[in-house]
Amino acid sequence: MAAEGAKVVVNDIGASLSGDGLDAGPAQEVVNAIKAKGGQAIASTDSVSEEASASRVIQAAMDSFGRLDCVVNNAGILRDRFFHSMSADEFDAVVKVHLYGTFYMSRAAAPHFKQQSSGSLVHMTSTSGLIGNMGQANYSAAKMGIVSLSKSIALDMERYKVRSNCISPFAW
């Protein structure tokens with residue numbers, strides 16, 4: 001998107017694969033790569049899984065670029081485990097990042113989109129949500145929830161000329 005002229009907020013809390021620690025390095029690396037190619041970008045290390053923090057990501061875009069045209073809800077974590085062995089915390093952590101993160105980011109963007117009568121929300125779902133996957137009950141539930149959330153957002157925001165769509169990448 002940056003290569004096509006988009007001004008980008010790169011959001012990454014910089015946690016390890018296990019979810020430990022925070023590091024601004026990963027987000028800043030992407031920002032540096034975008035800037036090296038002549039693009040405009042800023043880094044954010046706010047978590048989308050918390051409402052106030054997700055709002056800060058949107059506000060950073062407004063403060064830096066003065067406008068918001070698109071939000072790509074791509075945040076994600078995995079806590080793979082068979083359903084019968086999965087803890088409530090492992091289920092909750094994934095749902096908070098994927099589903100709640102999508103909700104919080106979209107809701108924070110909505111007033112800006114409504115005011116300008118335009119905007120686009122792009123949400124990541126997954127074939128794990130659409131058809132299921134072993135060891136991913138938490139991820140699958142969150143990703144299918146995003147499909148329904150996106151459709152409802154599209155219906156609610158249509159009068160403001162705001163689009164809400166899902167894409168479903170598949171990794172093999």
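**Fold, surface and salt bridges of a predicted model**

The protein contains 5 helices and 5 strands, and the reader should keep in mind that the model shown here is predicted. Followed from the N terminus, its elements come in the order β-α-β-α-β-α-β-α-α-β.

As for overall dimensions, the C-alpha atoms of the protein fill a box of roughly 50 × 40 × 30 Å along the principal axes. For a chain of 172 residues, a compact globule would be expected to have a radius of gyration near 16 Å, and the protein, with 16 Å, agrees with that expectation. The contacts can be read alongside these dimensions: among those between residues at least 6 apart in sequence, 66% join residues at least 24 apart.

Turning to interior and surface, buried residues account for 37% of the 172 residues in the protein. The accessible surface comes to about 10000 Å², and carbon and sulfur atoms contribute 54% of it. The protein carries 15 positive and 16 negative charges, and the mean positions of these two sets lie 9 Å apart.

How many salt bridges does a search of the whole structure find? The search finds 5, and three of the pairs can be followed here in detail.

One of them joins the side chains of arginine 107 and glutamate 51, with an N to O distance of 1.7 Å. This pair links distant parts of the chain, since arginine 107 belongs to helix α3 (residues 88-116) and glutamate 51 to helix α2 (residues 51-65), with their positions 56 residues apart in sequence. Arginine 107 has a relative accessible area of 39% and is therefore partly exposed, as the value falls between the limits of 20% and 50%. Glutamate 51 is likewise partly exposed, with a relative accessible area of 39%.

A second salt bridge, between aspartate 92 and lysine 96, has a distance of 3.3 Å from N to O. Here both partners sit in helix α3, and because they are 4 residues apart, aspartate 92 and lysine 96 are separated by about one helical turn. Aspartate 92 counts as partly exposed at 34% relative accessibility, and lysine 96, with a relative accessible area of 37%, is partly exposed too.

Another salt bridge is formed by arginine 67 with aspartate 69, whose closest N and O atoms are 2.8 Å apart. Arginine 67 is partly exposed, with a relative accessible area of 41%, and for aspartate 69, also partly exposed, the relative accessible area is 41%.

Key: Residues numbered from 1 in each chain as written. Predicted model: local features only at pLDDT ≥ 70, side-chain atom pairs only at ≥ 80, totals over all residues. Heavy atoms only, no water. Helix = DSSP H or I, 4+ residues; strand = E, 2+ residues; numbered from the N terminus. Rg over C-alpha atoms; globule rule 2.2 N^0.38 Å. Buried < 20%, exposed > 50% of the residue type's maximum accessible area, 1.4 Å probe, protein only. Contact = heavy atoms within 4.5 Å. Areas by Shrake-Rupley, 256 points an atom, 1.4 Å probe, with all protein chains shown as cover. Lys, Arg positive; Asp, Glu negative; His and termini not counted. Charge placed at Lys NZ, Arg CZ, Asp CG, Glu CD. Salt bridge = Lys/Arg side-chain N within 4 Å of Asp/Glu carboxyl O.
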